[in-house]
Amino acid sequence: MRIDQISKKYKIQNFIEKIRSHLAEYNGELIFKFGLSNTRRFDGEFLESDMIIRCFIDPNSSYWIGVLAHEYAHFLQCISGNKFWINFQDAIFDNIEDLEIVFHKDGKKLDKRLRKKISSCIIKMELDCDKSALKIMDKYKLPVNKKEYRSKANIILYKYLYWSEHGEWPSLTNKKTGKTVDWKNLNVSKLMDQKQYASYKNIPLKLRYLFAQ
Ligand SMILES: [Zn+2]
């Protein structure tokens, strides 16, 4: 299926048009890629250097529309000079070359204080972005399962917090059995106040236990 057919199917032509024209004002671009979600590390991204939003489409569900709203919200943070966005850029560019490597490989090599600084900046920025993405979903009446979106977002925020403490990126997949926990039933679908994500001790116990397995 082509993107215009897909956007018609989900009745989100307006939203996609809005993103395309908004990005074009900044010489940016919206790029869609197709593929199954288990074959890649990320679902979408916004690149400030080129003003590009890349979003992966898995036409079997509407999850990717939430991802698109999220990346668009990052773009809005960027063009509005949002303080959390700027703090994040400062924290990263002073200290880090490749975020992927830091989170998934070299976490333990970083000083714990630096990990805490990085994760704190990221959590504030992502939380702000998620709240904005949820408003975008309402504004454009996007067919996204918001409870699922909030659960996923919440788990990722707690993952950053876990990483800041241990230097290891947690997974909901059990290393021995290869089984992934059913995150939809973890009852973590409420996005919390920023303070909740400031201390490792605030990670819900069941989640902490799963992260550590
Ligand atoms: Zn994000």
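**Exercise 1.** In what order do the 3 strands of the open sheet stand, and is their pairing mixed?

*Solution.* The model examined here is a predicted one. Step one is to follow the strands across the open sheet, which gives the order 1-3-2 with mixed pairing. Step two is to look at the edges: strand 1 (29-34) and strand 2 stand there, each with a single partner strand, so one side of each is left without a neighbour in the sheet. Step three concerns the turning of neighbouring strands, which on average are rotated by 15 degrees against each other when direction is ignored.

**Exercise 2.** Work out how strand 2 is joined to strand 3, and which way the side chains of strand 2 point.

*Solution.* Begin with the pairing: strand 2 and strand 3 run antiparallel and are joined by 4 bridges. Within this pairing, Glu-45 has Arg-54 as its bridge partner, while Gly-44 has Cys-55. The two strands form a hairpin with 4 residues between them, and Met-51 in the turn has a positive phi of about 55 degrees. Finally, the side chains along strand 2 alternate, for Gly-44 and Phe-46 point to one face and are buried, whereas Glu-45 and Leu-47 point to the other and are not.

**Exercise 3.** Find where the largest nonpolar core lies with respect to domain 1 and domain 2.

*Solution.* Start from the members: the core has 50 residues, and Tyr-72 is among those that touch the most other members. Next, consider the sources, where helix 6 gives the largest share, 11 residues. Domain 1 (1-80) and domain 2 (81-213) both contribute residues, so the core lies between them.

Terms used
Residues numbered from 1 in each chain as written. Predicted model: local features only at pLDDT ≥ 70, side-chain atom pairs only at ≥ 80, totals over all residues. Core = buried A, V, L, I, M, F, W, Y, C linked by C-beta atoms within 7 Å. Buried ≥ 20, exposed ≤ 12 C-beta atoms within 10 Å, placed from the backbone. Domains from an automatic or database assignment. Pairing = 2+ DSSP bridges. Axes fitted to C-alpha atoms, helices over the stretch in contact; angles between N-to-C directions.
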